[in-house]
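Let's take a walk through this one together, starting from a single spot and working outward. Have the viewer open and follow along.

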Amino acid sequence: MGTETEFGISVQGQPHANPMVASTRLVNAYASAELRARRARWDFEEESPLRDARGFDMSREVADASQLTDEDMGLANVILTNGARLYVDHAHPEYSTPECTNPLDVVRWDKAGEQVALDACRFASVAGEPDLVLYKNNTDNKGASYGAHENYLMKRSTPFGEIVRHLTPFFVSRQVVCGAGRVGIGQDGREHGFQISQRADYFEVEVGLETTLKRPIINTRDEPHADPEKYRRLHVILGDANLSEVSTFLKVGTTALVLDMIEERFIQTDLTVSRPVASLRAVSHDWTLTHLLERPDGQTLTALELQWEYHNLARKYVEQRDGDTDEQTLEVLTRWESVLNRLERDPMECAQELDWVAKLKLLQSYRDRDGLDWDDAKLHLVDLQYADLRPEKGLYHRLLRLGRMQRLLDDASVTAAMHDPPEDTRAYFRGRCLEKYPDSIAAASWDSVIFDLPGHDSLQRVPTIDPTRGTRAHVGGLIDASDTALALFSALTR
Amino acid sequence: MAQEHKQPRKSSETEDSVEAGTDPAGAAPTDAVSERKERLDEDIDAILDEIDDVLETNAEDFVKSFIQKGGQ
């Protein structure tokens with residue numbers, strides 16, 4: 001699993017600056033300052049499915065160097081030694097975490113991405129150029145929205161209809177846990193008020209392929225970046241960008257748990273809610289958490305009650321597995337339960353853990369102190385500045401420094417994740433190769449690393465088609481023992 | 001409070017809470033916890049003052065000039 005974050009970007013003093021130029025400047029600044037494997041390009045070539053024995057079936061059918069380098073000239077698109085990708089997507093800089101196996105690692109590499117983005121800003125802020133500022137949010141409140149996506153590897157054998165049926169009600173309701181909070185109602189934020197989610201107002205259909213217009217609650221993009229016979233990658237586009245570590249942990253942790261239950265055909269109850277798109281928005285617009293969702297049989301329940309349904313199923317699911325559950329899944333269950341209990345009692349009890357509550361508490365305090373209405377520019381500013389990545393300006397960061405936000409990780413662990421890959425996925429192979437053999441990597445992507453080796457006329461592609469291969473256990477010793485890329489390649493193909 | 005935010009966070013107090021599988025804030029509030037909460041709530045004005053110091057100065061202009069192109 002992993003996340004992708006499109007950051008809001010502004011050029012100080014130039015509200016109409018070209019965002020693609022600014023984003024490109026940012027990514028290139030990071031590449032020049034930090035990356036030794038600067039010439040390594042993102043490999044856009046389609047991967048053909050290849051059987052793999054050890055995870056590294058060698059393909060000798062390779063592209064010529066010139067073919068690979070000319071097609072994406074000028075496109076800022078780099079691969080980091082932590083296995084992540086930093087690039088320009090549409091009009092935003094975007095960071096994709098490396099592939100992770102558990103929610104806490106997703107939090108770790110997601111937070112590392114914020115630090116990478118922040119460093120990129122600093123590197124780009126050279127004399128004579130206006131400063132760039134990044135925001136980890138999802139809307140400018142003037143009609144534009146940009147995403148914070150999640151990806152989950154799933155078994156191909158799970159029928160998509162089952163995913164849609166059981167995941168839609170979960171997605172309608174999960175925002176009460178992992179929403180980031182927003183001042184303004186409607187796509188252009190014209191109506192006054194606070195809502196739980198940044199993204200809810202931008203969703204228009206239940207299921208579909210689009211990501212930039214007519215956004216669907218369930219996205220059908222089918223691009224597994226892995227063996228398509230075995231896997232699908234569920235691309236989740238409706239989530240908010242979270243700053244709070246607990247919010248991100250619960251967002252991906254509870255979603256992964258629900259997907260696990262769907263894969264194992266554990267959910268027999270039908271939790272369908274009527275009119276999911278309208279319901280998604282209604283839940284977001286009601287931060288008292290009392291809005292009643294309708295079920296097709298006419299019964300009603302709140303989003304919190306719906307979350308309890310999923311939580312209770314998950315608890316039974318874990319109990320049934322009888323001890324065969326990892327610690328993090330248990331931690332997800334415990335935190336989920338605790339948060340739901342407190343949201344039910346008084347949402348403000350979650351102000352140190354959940355983004356939307358932390359933000360709301362701040363906003364309400366301002367309203368109380370200064371007698372502000374919801375249309376006051378200062379409240380909009382608080383909403384925006386909560387997401388400012390700079391520790392000296394960002395309000396999330398101020399709250400953190402004031403001891404008002406809970407953390408799951410320490411700074412050292414996040415800093416290490418800016419450079420080191422996870423050890424238990426193929427990101428390990430990608431990241432270590434880039435770190436150790438920067439001059440010998442011509443390109444890389446999720447499912448391949450392409451070497452440019454002395455004595456070889458053509459480039460050599462190493463497919464990494466199985467996300468669970470290429471781990472430290474698989475290749476750590478081999479990379480440690482190989483002083484050169486050629487030695488590694490020879491060892492792999494021997 | 002003053003003590004609390006001057007202490008650098010240590011890995012032991014952060015990672016442990018995850019590994020222990022318990023929820024530090026979720027349990028029924030003990031006296032110490034509710035006391036601490038009250039103290040924090042009294043402190044909200046101090047927090048707003050601190051935040052006032054970092055808020056951009058012209059809220060209306062600043063918010064207006066945050067214009068993004070659409071994304072995914």
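A:Asp457 counts as exposed because its relative accessibility is 82%, and the cut-off for that label is over 50%. Keep in mind that you're looking at a predicted model. To find A:Asp457, go to the loop of chain A that runs between β17 (448–451) and β18 (460–463). From there, try jumping to A:Ala491: that residue is 34 residues away along the chain, and the two C-alpha atoms are separated by 19 Å.

Now for a loop residue with another setting. A:Leu289 sits in the loop between α6 (276–285) and β14 (293–294) of chain A. Is A:Leu289 buried or exposed? At 10% relative accessibility it counts as buried, since the label applies to anything under 20%. Its backbone deserves a look too: A:Leu289 isn't a glycine, yet its phi is positive, near 65 degrees.

A:His225 also has a positive phi, about 50 degrees, and it isn't a glycine either. You'll find A:His225 in the loop between β12 (215–219) and β13 (231–236) of chain A.

Time to zoom out to the whole of chain A. It contains 15 helices and 18 strands. How does the chain's radius of gyration sit against the globule rule? The value is 23 Å, close to the 23 Å that the rule gives for 494 residues, so chain A is as compact as a globular protein of that length. If you line the C-alpha trace up with its principal axes, it spans about 70 × 60 × 40 Å.

Inside, 64% of the 494 residues of chain A count as buried. The contacts reach across the sequence as well: taking those between residues at least 6 apart, 71% join residues at least 24 apart. On the outside, chain A exposes about 18000 Å², with carbon and sulfur atoms supplying 47% of that area. As for charge, there are 57 positive and 80 negative side chains in chain A, and the centres of the two sets lie 2 Å apart.

Finally, bring chain B into view. The contact draws on 65 residues from chain A and 43 residues from chain B. Interface size is often given as the accessible area lost when the parts come together. Here the area buried between chain A and chain B is about 4700 Å², and carbon and sulfur atoms give 57% of it. On the chain A side, the residues that lose the most area to chain B are A:Leu381, A:Leu402 and A:Arg404, together 13% of what that side buries.

Note on methods: Residues numbered from 1 in each chain as written. Chains lettered and ligands numbered in written order. Heavy atoms only, no water. Helix = DSSP H or I, 4+ residues; strand = E, 2+ residues; numbered from the N terminus. Rg over C-alpha atoms; globule rule 2.2 N^0.38 Å. Buried < 20%, exposed > 50% of the residue type's maximum accessible area, 1.4 Å probe, protein only. Contact = heavy atoms within 4.5 Å. Areas by Shrake-Rupley, 256 points an atom, 1.4 Å probe, with all protein chains shown as cover. Lys, Arg positive; Asp, Glu negative; His and termini not counted. Charge placed at Lys NZ, Arg CZ, Asp CG, Glu CD. Buried area = accessible area lost by both parts, 1.4 Å probe.
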